[in-house]
Amino acid sequence: NSYLPNKYCFLFCFEYSNGLMQGALEHKSSSVYSFYTDTTGLVDLVSETVAHEFYHVLTPMNLTSNLISPYNFYDPKIFSGHLWLYEGVTEYLAYKNNLAAGLMNKEEFFMMLKNKDKSTLYYKKHSMLDASQNILSKKSQDYFGNYYDKGALVGFYIDYLITMESNGENNISTLLTYLLRKYGKDKPFDDALLLEELSSKFEAIRPALYACIVGKE
(Lines give C-alpha, C1' and ligand atoms only; values in the text may rest on other atoms or scores of the structure.)
Protein backbone atom coordinates (compact mmCIF):
# COMPACT_ATOMS: atom_id res chain seq x y z
CA ASN A 1 0.00 0.00 0.00
CA SER A 2 1.55 3.30 -1.11
CA TYR A 3 0.06 5.12 1.88
CA LEU A 4 2.02 3.07 4.40
CA PRO A 5 5.56 4.05 5.45
CA ASN A 6 8.42 1.72 4.59
CA LYS A 7 9.35 1.62 8.27
CA TYR A 8 7.08 2.25 11.26
CA CYS A 9 8.15 2.25 14.92
CA PHE A 10 5.99 1.58 17.98
CA LEU A 11 7.56 3.13 21.10
CA PHE A 12 6.21 1.94 24.46
CA CYS A 13 6.64 3.00 28.06
CA PHE A 14 5.14 0.71 30.72
CA GLU A 15 5.13 1.67 34.40
CA TYR A 16 2.98 1.47 37.52
CA SER A 17 0.23 4.07 38.04
CA ASN A 18 1.63 7.47 38.94
CA GLY A 19 -1.49 9.64 38.80
CA LEU A 20 -0.88 10.86 35.27
CA MET A 21 -3.02 9.94 32.29
CA GLN A 22 -2.25 7.05 29.98
CA GLY A 23 -2.15 7.95 26.33
CA ALA A 24 -0.60 7.82 22.90
CA LEU A 25 0.47 10.09 20.08
CA GLU A 26 0.89 9.36 16.39
CA HIS A 27 3.46 10.49 13.85
CA LYS A 28 3.74 9.75 10.14
CA SER A 29 6.24 6.93 10.73
CA SER A 30 5.89 6.12 14.43
CA SER A 31 3.68 6.29 17.48
CA VAL A 32 4.49 6.57 21.19
CA TYR A 33 2.54 5.01 24.08
CA SER A 34 2.41 5.28 27.85
CA PHE A 35 0.54 2.56 29.77
CA TYR A 36 0.17 1.45 33.37
CA THR A 37 1.14 -2.17 33.96
CA ASP A 38 -1.53 -2.50 36.66
CA THR A 39 -4.39 -1.44 34.37
CA THR A 40 -7.35 -3.81 34.19
CA GLY A 41 -7.71 -5.15 30.65
CA LEU A 42 -4.27 -3.88 29.65
CA VAL A 43 -3.86 -6.24 26.68
CA ASP A 44 -7.14 -5.11 25.11
CA LEU A 45 -6.31 -1.47 25.79
CA VAL A 46 -2.94 -1.80 24.09
CA SER A 47 -4.35 -3.57 21.00
CA GLU A 48 -7.13 -1.01 20.62
CA THR A 49 -4.85 2.00 21.09
CA VAL A 50 -2.12 0.69 18.80
CA ALA A 51 -4.64 0.06 16.01
CA HIS A 52 -6.10 3.54 16.44
CA GLU A 53 -2.75 5.33 16.31
CA PHE A 54 -1.53 3.29 13.36
CA TYR A 55 -4.67 4.07 11.35
CA HIS A 56 -3.76 7.74 11.61
CA VAL A 57 -1.31 6.90 8.81
CA LEU A 58 -4.39 7.18 6.58
CA THR A 59 -5.89 10.29 8.12
CA PRO A 60 -4.71 12.92 8.87
CA MET A 61 -1.19 11.86 7.82
CA ASN A 62 -2.09 11.13 4.18
CA LEU A 63 -5.56 12.62 3.97
CA THR A 64 -6.03 16.06 5.43
CA SER A 65 -7.76 19.40 5.06
CA ASN A 66 -6.42 22.51 3.38
CA LEU A 67 -6.99 24.32 6.70
CA ILE A 68 -4.43 22.26 8.60
CA SER A 69 -1.89 21.46 5.91
CA PRO A 70 0.54 22.86 6.83
CA TYR A 71 -0.48 23.46 10.44
CA ASN A 72 0.84 26.28 12.58
CA PHE A 73 1.55 24.51 15.86
CA TYR A 74 3.06 27.62 17.44
CA ASP A 75 0.21 30.01 16.80
CA PRO A 76 -2.93 28.12 15.65
CA LYS A 77 -5.79 30.30 14.51
CA ILE A 78 -8.16 27.98 12.64
CA PHE A 79 -9.00 24.29 12.59
CA SER A 80 -10.70 21.80 10.28
CA GLY A 81 -14.32 20.80 10.74
CA HIS A 82 -13.60 17.11 10.26
CA LEU A 83 -12.47 15.62 13.57
CA TRP A 84 -15.30 13.13 12.98
CA LEU A 85 -13.08 11.75 10.19
CA TYR A 86 -9.65 12.12 11.83
CA GLU A 87 -10.62 10.64 15.20
CA GLY A 88 -14.10 9.10 14.85
CA VAL A 89 -13.59 7.06 11.69
CA THR A 90 -10.05 6.17 12.83
CA GLU A 91 -11.47 4.88 16.13
CA TYR A 92 -14.08 2.79 14.30
CA LEU A 93 -11.51 1.35 11.87
CA ALA A 94 -9.28 0.34 14.77
CA TYR A 95 -12.02 -1.81 16.29
CA LYS A 96 -13.09 -3.16 12.90
CA ASN A 97 -9.48 -4.17 12.24
CA ASN A 98 -9.22 -5.94 15.58
CA LEU A 99 -12.46 -7.78 14.84
CA ALA A 100 -11.12 -8.91 11.45
CA ALA A 101 -7.81 -9.95 13.05
CA GLY A 102 -9.56 -12.08 15.67
CA LEU A 103 -8.45 -9.87 18.56
CA MET A 104 -12.09 -9.41 19.55
CA ASN A 105 -15.28 -11.29 18.70
CA LYS A 106 -18.57 -9.98 17.30
CA GLU A 107 -20.17 -9.77 20.73
CA GLU A 108 -17.29 -7.63 22.02
CA PHE A 109 -17.41 -5.46 18.89
CA PHE A 110 -21.09 -4.65 19.25
CA MET A 111 -20.74 -4.19 23.01
CA MET A 112 -18.07 -1.58 22.22
CA LEU A 113 -20.55 0.25 19.98
CA LYS A 114 -23.24 0.01 22.64
CA ASN A 115 -20.90 1.45 25.28
CA LYS A 116 -19.96 4.30 22.98
CA ASP A 117 -23.64 4.99 22.45
CA LYS A 118 -24.11 5.24 26.21
CA SER A 119 -21.10 7.57 26.48
CA THR A 120 -22.64 10.04 24.06
CA LEU A 121 -25.39 10.66 26.60
CA TYR A 122 -22.86 12.50 28.78
CA TYR A 123 -22.40 15.16 26.11
CA LYS A 124 -24.85 17.90 25.30
CA LYS A 125 -26.21 17.69 21.79
CA HIS A 126 -23.99 19.65 19.47
CA SER A 127 -22.80 19.75 15.89
CA MET A 128 -19.59 17.77 15.46
CA LEU A 129 -18.68 20.00 12.52
CA ASP A 130 -19.15 23.19 14.53
CA ALA A 131 -17.29 21.89 17.59
CA SER A 132 -14.41 20.75 15.38
CA GLN A 133 -14.12 24.11 13.65
CA ASN A 134 -13.99 25.74 17.08
CA ILE A 135 -11.93 23.08 18.86
CA LEU A 136 -9.33 25.67 19.88
CA SER A 137 -11.88 27.11 22.32
CA LYS A 138 -12.24 25.68 25.84
CA LYS A 139 -15.96 25.00 25.36
CA SER A 140 -15.40 22.85 22.28
CA GLN A 141 -12.43 21.04 23.86
CA ASP A 142 -14.80 19.81 26.57
CA TYR A 143 -16.59 17.89 23.79
CA PHE A 144 -13.42 16.37 22.31
CA GLY A 145 -13.98 12.92 23.80
CA ASN A 146 -17.22 12.64 21.89
CA TYR A 147 -15.32 12.23 18.62
CA TYR A 148 -14.16 8.83 19.90
CA ASP A 149 -17.75 7.92 20.81
CA LYS A 150 -20.26 9.60 18.50
CA GLY A 151 -17.59 9.87 15.81
CA ALA A 152 -17.00 6.12 15.88
CA LEU A 153 -20.75 5.46 15.76
CA VAL A 154 -21.06 7.69 12.70
CA GLY A 155 -18.20 5.74 11.13
CA PHE A 156 -20.10 2.52 11.77
CA TYR A 157 -23.33 4.06 10.38
CA ILE A 158 -21.57 5.20 7.20
CA ASP A 159 -19.99 1.76 6.81
CA TYR A 160 -23.39 0.11 7.22
CA LEU A 161 -25.14 2.40 4.72
CA ILE A 162 -22.49 1.98 2.01
CA THR A 163 -22.41 -1.79 2.53
CA MET A 164 -26.19 -2.16 2.32
CA GLU A 165 -26.55 0.16 -0.68
CA SER A 166 -23.90 -1.76 -2.64
CA ASN A 167 -25.05 -5.24 -1.57
CA GLY A 168 -21.75 -5.79 0.20
CA GLU A 169 -19.48 -4.76 -2.67
CA ASN A 170 -18.33 -1.52 -1.02
CA ASN A 171 -17.84 -0.23 2.52
CA ILE A 172 -16.19 2.62 4.41
CA SER A 173 -12.79 1.53 3.08
CA THR A 174 -14.11 2.27 -0.43
CA LEU A 175 -14.82 5.82 0.70
CA LEU A 176 -11.35 6.27 2.18
CA THR A 177 -9.65 4.75 -0.88
CA TYR A 178 -11.55 7.18 -3.10
CA LEU A 179 -10.38 10.16 -1.04
CA LEU A 180 -6.78 8.95 -0.74
CA ARG A 181 -6.47 8.37 -4.47
CA LYS A 182 -7.96 11.76 -5.32
CA TYR A 183 -6.07 13.72 -2.69
CA GLY A 184 -3.29 12.28 -0.52
CA LYS A 185 -0.56 13.91 1.55
CA ASP A 186 0.48 16.32 -1.21
CA LYS A 187 -3.03 17.46 -2.15
CA PRO A 188 -5.27 18.42 0.79
CA PHE A 189 -9.03 18.43 0.32
CA ASP A 190 -11.16 21.58 0.55
CA ASP A 191 -12.50 21.60 4.10
CA ALA A 192 -15.73 23.38 3.19
CA LEU A 193 -16.57 21.04 0.29
CA LEU A 194 -15.78 17.60 1.72
CA LEU A 195 -19.23 16.62 2.96
CA GLU A 196 -20.93 17.61 -0.29
CA GLU A 197 -18.33 15.72 -2.28
CA LEU A 198 -18.85 12.57 -0.20
CA SER A 199 -22.64 12.97 -0.44
CA SER A 200 -22.44 13.20 -4.23
CA LYS A 201 -20.12 10.23 -4.56
CA PHE A 202 -21.93 8.05 -1.97
CA GLU A 203 -25.54 9.22 -2.11
CA ALA A 204 -26.71 6.70 0.50
CA ILE A 205 -24.80 8.49 3.25
CA ARG A 206 -25.98 12.04 2.49
CA PRO A 207 -28.74 12.10 5.16
CA ALA A 208 -26.37 10.70 7.79
CA LEU A 209 -23.61 13.21 7.07
CA TYR A 210 -25.87 16.23 7.32
CA ALA A 211 -27.96 14.99 10.25
CA CYS A 212 -25.14 13.59 12.40
CA ILE A 213 -22.11 15.73 11.51
CA VAL A 214 -23.51 19.11 10.49
CA GLY A 215 -26.62 18.58 12.59
CA LYS A 216 -26.96 17.33 16.15
CA GLU A 217 -28.54 13.90 15.70
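## What is meant by a pocket

A pocket, as the word is used in this report, is an open set of points on a 1 Å grid over the protein atoms alone, with protein on both sides within 12 Å along at least five of seven lines. The structure described here is a predicted model, and the account below takes up its sheet, the helix that lies across the strands, and then two pockets.

## The sheet

Three strands form an open sheet with mixed pairing, and their order across the sheet is S1-S3-S2. The edges are formed by strand S1, which covers residues 9-15, and strand S2, which covers residues 23-26, each of them pairing on one side only. From one strand to the next, the twist averages 10°.

Strand S3, made up of residues 30-36, pairs with S2 in the antiparallel sense, and four bridges join these two strands. Gly 23 has Ser 34 of S3 as its bridge partner, while Leu 25 has Val 32, also in S3, as its partner. S2 and S3 together form a hairpin, in which three residues stand between the two strands.

## The helix across the strands

Helix H1, which spans residues 42-55, lies across S1, S2 and S3, and the direction in which H1 runs is at about 160° to S3.

## The largest pocket

The largest pocket has a volume of about 1,100 Å³, and its lining is made up of 33 residues. Those that lie nearest the centre of this pocket are Glu 26, His 56, Pro 60, Met 61 and Phe 73.

Among the elements that contribute to this lining, S2, H1 and helix H2, the last of which covers residues 83-100, each supply at least two residues. By class, the lining of the largest pocket divides into 18 nonpolar, nine polar and six charged residues.

## The second largest pocket

In the second largest pocket there is about 370 Å³ of space. This pocket is lined by 17 residues, of which Glu 48, Glu 91, Tyr 95, Met 112 and Lys 116 are the closest to its centre.

Two or more residues of the lining of the second largest pocket come from each of H1, H2, helix H3 (106-119) and helix H6 (146-165). The element that gives the most to this lining is H3, with six residues. When the lining of the second largest pocket is sorted by class, six residues are nonpolar, five are polar and six are charged.

Terms used. Residues numbered from 1 in each chain as written. Predicted model: local features only at pLDDT ≥ 70, side-chain atom pairs only at ≥ 80, totals over all residues. Heavy atoms only, no water. Pairing = 2+ DSSP bridges. Axes fitted to C-alpha atoms, helices over the stretch in contact; angles between N-to-C directions. Contact = heavy atoms within 4.5 Å. 1 Å grid on protein atoms, 1.4 Å probe; cavity = no way out; pocket = protein on both sides within 12 Å on 5 of 7 lines; lining within 4 Å. Points joined across faces, edges and corners; volume = space filled by probe spheres on them. Nonpolar A, V, L, I, M, F, W, Y, C, P; charged D, E, K, R; others polar.
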